[in-house]
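Visitor: I am new to this structure and should be grateful for a guided tour. May I put my questions one at a time?

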Amino acid sequence: MAKRIDVSGLNAYYGSFLAVEDISMTVEPRSVTAFIGPSGCGKSTFLRTLNRMHEVTPGGRVEGKVLLDDENLYGAGIDPVAVRREVGMVFQRPNPFPTMSVYDNVAAGLRLNGKYKKAQLDEIVEKSLKGANLWNEVKDRLNKPGSGLSGGQQQRLCIARAIAVEPKVLLMDEPCSALDPISTLAIEDLIGELKERFTIVIVTHNMQQAARVSDRTAFFNLAAVGQPGKLIEIDDTERIFSNPSVQATEDYISGRFG
Amino acid sequence: MDISTPKAPAPPTPEPPTTEQKRAARGATRPGDRIFLALSRGSGIFLLVVMAAIAVFLSLRAFNAISEDEANFFTTFEWNPTGEPPVFGIAVLAFGTVVSSIIALAIAVPVSIGIALFITHYAPRKLGGPIAYVIDLLAAVPSIVYGLWGALVLVPNLVGLYGWLDEYLGWTGIFEWSGGAPRALLTVGILLAIMILPIITNVSREVFRQVPQMHEEAALALGATRWEVIRMSVLPYGRSGVISASMLGLGRALGETMAVAMVLSPTFDINASLLDPGGGTFAQNIASKFNEATENGRDALIASGLVLFVITLLVNGTARIIIERRKEFSGANA
């Protein structure tokens, strides 16, 4: 059920400003792809084009093609709402619905998609929370507010919420940048487990994290402030971190800039 | 050497803090801080003193009146404080005030939420701004102007609505109409609804605008439509704010005087139908009777004012409890 992502000739704009220019890449199903690069290089913007969240931003506009298996997400007659049900997303700051309990947070996406019996919901909620390695910590407080959990637990709750609807792809936008090292480790372990079932794309500022969790790494860069961000190269993570083919990548990962 | 390096903090002392330390903790050691502290504390105390003064004044004068009253103050359908013996009661006023305010809220709250959501989440920026501005203007219109408009425009034009309600919903008893001028509680409710609309809309709009982007994106990323985003993140987050806004509106509706006095034909009896004369309101009754009232009459009116004061306090207290009870789940601890 995990699907391949195939991007070709993608440009993303904010109003008339070209933020991301001419990106083409393929992301294999059941793999983890990490996006790295300096701030402002467009990696988050690009990530948000993969589930049509970019156009939610005022002035946001996208040109080009994103194929999910064979379906163009930007094709005529494609409903962005339907796209987002296929491509889940986890954000930089944990954002459980503050007015909902732990249980309701996980069930939120399911309730949008259709009617479930209570027993079915219970089962999916438990399965999702187990899938997010959170079940043991919250099984006695499913009716307590989700915002009462710790930051790391909240982020895993958001992951549970995202995987409850069985998306084909899971996008993660710096999911650990607001978390402490222990919670970060928990999420990274989880990513390793989740890639058995989902295609995962993760944006990270932490190069060690990219090296630890991903199979493929894409390096983004921009020529100067005000210039569009570009994909410099994408390759197996091991190669990117040992013997990249572009000098800029090596400069970046060895800490010479950025 | 870097002299700005802070020293290691002193170990905590087991002794109770001195006055000096307490002052420092409040930030009140420098003259500026002390003056500001005194000013802000003074303002707070001033407010309490004013509230207490009003309560004492109302209670004293009301006590005089109620002890003269020969009938039950709470259940009597009559207002004759200068009679021999004096007989008056607030039953009709309480009924009219509460009923007309409930009608006003029932109409104004949904419409206000609709306008606020339209301005913040649906309207293009070019349209939302002007609409918000017009709503602000509505809030600034004096109530006497609403009263004039109500009496000269609204009342004659409600004949059609009254007839329609009587024809189709007359069987409920609530919407029965015997054909008099439409100057009954329903008209008051409609006029009050228009008057409290701006304040409820404005406060709701601010609350909806403050919903953090990340909560809306959370819903969007799950595949929520625009309406579902509003239902999942905007409305729950704004819930307590909308309740507060409604209470502000209700406060204005309960106390509105001139506009009500200008559109209502007050009677001192209660009618099950909202379309036939029946009831008055506290504020309207005070306004229409105060000038000609004798000493006793004024005290009786003040007693009714005290009841209005208490009703307002109860309403606000209830709203607080509603907000408090769901605090755990409010957006505040996110």
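**Questions and answers on the model**

Guide: Let us begin in chain B, where B:Val87 lies in strand S2 (residues 87-88). Please bear in mind that the model is a predicted one.

Visitor: Does B:Val87 count as buried, exposed or partly exposed?

Guide: A residue is buried with 20 or more other C-beta atoms within 10 Å, and exposed with 12 or fewer. B:Val87 has 19 C-beta neighbours inside 10 Å, so its class is partly exposed.

Visitor: Which residues does B:Val87 touch, leaving aside those up to four places away in sequence?

Guide: One residue to place beforehand is B:Phe73, which is 14 residues from B:Val87 in sequence and 8.3 Å from it in space, C-alpha to C-alpha. The residues that B:Val87 touches are B:Asp69, B:Glu70, B:Ala71, B:Thr76, B:Glu78 and B:Asn80.

Visitor: How far apart are the C-alpha atoms of B:Trp149 and B:Leu191?

Guide: B:Trp149 belongs to helix H5 (residues 143-157) of chain B. It counts as partly exposed because it has 17 C-beta neighbours inside 10 Å. Along the chain, B:Trp149 and B:Leu191 are 42 residues apart, while their C-alpha atoms are separated by 9.3 Å.

Visitor: How do helices H3 and H7 of chain B pack, and what is the handedness of their crossing?

Guide: Two packed helices are described by the angle between their axes and the distance between the axes. For H3 (residues 91-122) and H7 (residues 185-209) of chain B, the angle is about 40° and the axes are 6 Å apart. The crossing of H3(B) and H7(B) is right-handed.

Visitor: How many nonpolar, polar and charged residues does the contact of H3(B) with H7(B) have?

Guide: The contact in question belongs to the helix pair with axes 6 Å apart, H3(B) and H7(B). Its residues by class are 22 nonpolar, eight polar and two charged.

Visitor: Against which helices do the buried residues of H11(B) pack?

Guide: Helix H11 of chain B covers residues 282-290, and its buried residues include B:Phe282, B:Ala283, B:Gln284, B:Asn285 and B:Ile286. The partners of the buried residues of H11(B), in chain B, are H3, H9 (226-255), H10 (258-263) and H12 (295-325).

Visitor: Turning to chain A, how many residues of strand S7 are buried?

Guide: S7(A) sends A:Val169, A:Leu171 and A:Asp173 one way, and A:Leu170 and A:Met172 the other way. Residues on both sides are buried. Strand S7 (residues 169-173) of chain A is therefore largely enclosed by the rest of the structure, the buried count being five of the five.

Visitor: Which strands are joined to S7(A) by bridges, and which way do they run?

Guide: Four bridges join S6(A) to S7(A), where A:Gly88 stands opposite A:Leu170. Five bridges join S7(A) to S8 (residues 199-203) of chain A, and A:Leu171 has A:Val201 as its bridge partner there. The strands joined to S7(A) are thus S6(A), running parallel, and S8(A), also running parallel.

Visitor: What unit do S7(A) and S8(A) make with helix H7 of chain A?

Guide: The two strands are joined by five bridges and run parallel. With helix H7 (residues 181-194) of chain A, S7(A) and S8(A) make a right-handed β-α-β unit.

Visitor: Is A:Val203 buried or exposed?

Guide: A:Val203 is located in strand S8 of chain A. Its contacts, not counting residues up to four places away in sequence, are A:Phe35, A:Lys43, A:Ser44, A:Leu47, A:Met172, A:Asp173 and A:Glu174. A:Met172 is 31 residues away from A:Val203 in sequence and 6.2 Å away in space, C-alpha to C-alpha. Because A:Val203 has 25 C-beta neighbours inside 10 Å, it counts as buried.

Visitor: What is the phi of A:Asp69?

Guide: A:Asp69 is placed in the loop between strands S4 (60-68) and S5 (71-72) of chain A. It is exposed, with 11 other C-beta atoms within 10 Å. Although A:Asp69 is not a glycine, its phi is positive, about 55°.

Visitor: Finally, which element of chain A gives the most to the side that touches chain B?

Guide: The contact involves 22 residues of chain A and 21 residues of chain B. On the side of chain A, helix H2 (80-86), strand S6 (87-90) and helix H3 (102-113) each supply at least two residues. The element that gives the most, with four residues, is H2(A).

Key. Residues are numbered from 1 along each chain as its sequence is written. Chains are lettered from A and ligands numbered from 1 in the order in which they are written. This is a predicted model: local features need pLDDT of at least 70, side-chain atom pairs count only at pLDDT 80 or more; totals for chains, interfaces and linings use all residues. Two residues are in contact if their C-beta atoms, placed from the backbone, lie within 7 Å. Two strands pair if DSSP finds at least two bridges between them. A crossover is right-handed if, with the strands pointing away from the viewer, the path from the first strand over the helix to the second runs clockwise. Axes are lines fitted to C-alpha atoms, for helices over the stretch in contact, and angles run from 0 to 180 degrees between N-to-C directions. A crossing is left-handed if the near helix is turned anticlockwise from the far one by less than a right angle, and right-handed if clockwise. Ala, Val, Leu, Ile, Met, Phe, Trp, Tyr, Cys and Pro count as nonpolar, Asp, Glu, Lys and Arg as charged, and the others, Gly among them, as polar.
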